[in-house]
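Q: Could you please take me through this protein structure in plain terms? I am in my first year, so kindly explain the words as they come up.

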Amino acid sequence: MRRGAMSGSMSGSMSGAIGSLHPAAARARSCPCPVHRIPQQFSYLCHSRRQPFSCRSYLAHHSFQSRQRQVRNMQTIIAPHPRTISELPPHLSQLRLWVDPVLRDGYHNMAADELLSRRPEAWLRVYGWARPAVSFGYFDTARVAASLFPGEGVEYIRRWTGGGIVDHRQGYTYTLTLPALPDGALYPPSCELYRWIHSALARALQASGVDCELLQSDAPDGGRACWASPVESDIVDPAGHKLAGAGQRRHKGAVLHQGLIQGCVPRPGWEHRLAQELADTVEYVDTAEPYTGFASQLEQLCREKYLSAEWSDETHGRRKPTAH
C-alpha cells in the first residue's frame, strides 16, 4: 500500500504491534512548525526501523522521493518519439524554379527566402541585389562583417541561416527550400544534405563550363569570412579555391539552404541545369510574385523581423534568458 494511503485502522494496529513512539518522533510531532507535522504512519515507520527521527531525515526522504518523481515525469515528457529519417532520393519529385525578376535589398531578400521555406513545395530561387550587400550568419555581428568587408553604402544584413560572412557584391545567389516531410519524418543530417545539394550544384556547374569538385575535408580555418574557410562538401576549383558555399537552417521539419557561387562564371542557364539535377519535374515561375499574397507577406515579415531593432542588435543570438 502507498505510504500516503495508509488507513487509520492500519496505523492503529501498527501502534499496538510496535509500541510507543520514539521520543524524538514524539517531540517532533508536538512541534507547531509545519515541517514537523509529519504523517503518523511515517513516525511509526521510523521507530520500527530503530532510526531516530528528525525533520532533517523526513525532509531528505521526501526530497529524494520528489526528485524521483520529477525524473520519471521528465523521462515521460522528453522520451524520444520514433521518427523516421528519410533517405535522400537521387532526385526530388518536383521543384519550382523562380528566377526572381525583382532586384531587392538585403532585408527583402532574406524575408523572401524565409517565406519560401514555409511553403509546402520545394523551391529553388535565384536572385540579385538592389544595393551592395554583405550577409552574415545568425550568430555573427554587423560590426565584424563591416570590418572584413568595408564599403560605402553597403548593407550588412543578418541571415536566418548559419555560416560565415559573405560579400554579395559579386557572384550568383540562390536559395533552395525543402518542405517538411509527412508523418514527422526527418531529413538526413545536415552534412549529408549539404553534400547532396552541392553534388547536384557541382554537376550543374561542370555542365556550365566550370572545372570544379567537392572538397573532401575542411580546409584550415581562415577566419569569419566564408570564402577564406572552405569546409567539407564546399565546391572548389582544382587549386582548392572555394567556388560555392552555403548556410542551412531547419525549422519545423523544413530546410532552408542559402548558397552563393563566386570566383567563376558559369554559362547562362546554370540555374536550369541545377534544377534539373535536383528534381525529376521542374515548374518554372517567372512572375514577380511566386504565389498569391507574397508581396503583402514579404512587407510584413520585413517590418516585424528583418528591419526590427532586435534583429539588428549586436547581441542577437547571445542574450542570456530573461529572468521572470
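A: The following conversation covers the overall build, the sheets, two helices, a pocket and two single residues.

Q: What should I know before we begin?

A: This is a predicted model, in which local features need pLDDT of at least 70 and side-chain atom pairs count only at pLDDT 80 or more, whereas totals for chains, interfaces and linings use all residues. Residues are numbered from 1 along each chain as its sequence is written, and side-chain values use heavy atoms, with hydrogens and water left out.

Q: How many helices and strands are there in the protein?

A: The protein has 10 helices and 11 strands. Both are DSSP runs numbered from the N terminus: helices are H or I with at least four residues, and strands are E with at least two.

Q: And how much of the protein is buried?

A: Of the 324 residues, 43% are buried. Buried means under 20% relative accessible area, exposed means over 50%, and partly exposed lies in between (1.4 Å probe, protein chains only).

Q: What about contacts between residues at least 6 apart in sequence?

A: Among those contacts, 68% join residues at least 24 apart. A contact means heavy atoms within 4.5 Å.

Q: Let us turn to the sheets. In what order do the eight strands run?

A: The order is β7-β8-β9-β10-β6-β2-β1-β11, in an open sheet with mixed pairing. Its edge strands are β7 (213–214) and β11, each of which pairs on one side only. Two strands pair if DSSP finds at least two bridges between them.

Q: Which strands does β1 pair with?

A: β1 pairs with β11 in the parallel sense over six bridges, and with β2 in the parallel sense over four bridges. In the pairing with β11, Gln-94 stands opposite Thr-281. Towards β2, Arg-96 has Trp-123 as its bridge partner, and Trp-98 has Arg-125.

Q: What is the order of the three strands in the other open sheet?

A: Those three strands are arranged as β4-β3-β5, again with mixed pairing. β4 (155–158) and β5 (166–167) stand at the edges with a single partner strand each, so one side of each is left without a neighbour in the sheet. Strand β3 (residues 133–136) pairs with β4 in the parallel sense over four bridges, and Phe-136 has Arg-158 in β4 as its bridge partner.

Q: Now the helices. How many residues of α5 are buried?

A: In α5, 12 of the 12 residues are buried, so the helix is largely enclosed by the rest of the structure. Among them are Tyr-107, Met-110 and Leu-115. The buried residues of α5 pack against β1, β2 (123–127), β4, β6, β10 (254–261) and α9 (294–306).

Q: What span should α5 have?

A: Helix α5 (residues 106–117) should span 16 Å at 1.5 Å a residue, and its end C-alpha atoms are 17 Å apart, which agrees. The expected span is 1.5 Å times one less than the number of residues.

Q: And α7?

A: For the 18 residues of helix α7 (residues 190–207), the expected span is 26 Å and the end C-alpha atoms are 26 Å apart, which agrees. The buried residues of α7 include Leu-193, Trp-196 and Leu-201. After α7 comes Gly-209, whose phi is positive, near 90 degrees.

Q: Changing topic: what is the volume of the second largest pocket?

A: Its volume is about 280 Å³. Of the 15 residues that line this pocket, Ser-93, Gln-94, Leu-95, Glu-121 and Ala-122 are the closest to its centre.

Q: How are a pocket and its volume defined?

A: On a 1 Å grid over the protein atoms alone, a cavity is a set of points where a 1.4 Å probe fits but cannot get out; a pocket is an open set with protein on both sides within 12 Å along at least five of seven lines, and lining residues have an atom within 4 Å of a point. Grid points are joined across faces, edges and corners, and the volume is the space filled by probe spheres set on the points.

Q: Which strand supplies the largest share of the lining?

A: β1 does, with five residues of the lining of the second largest pocket.

Q: Finally, is Leu-256 buried or exposed?

A: Leu-256 is buried, with a relative accessible area of 2%. Leu-256 is found in strand β10, and its C-alpha atom is separated by 5.8 Å from that of Ser-117, 139 residues apart along the chain.

Q: Where is Gly-171 found?

A: Gly-171 lies in the loop between β5 and β6 (172–178). Gly-171 is partly exposed, with a relative accessible area of 45%.
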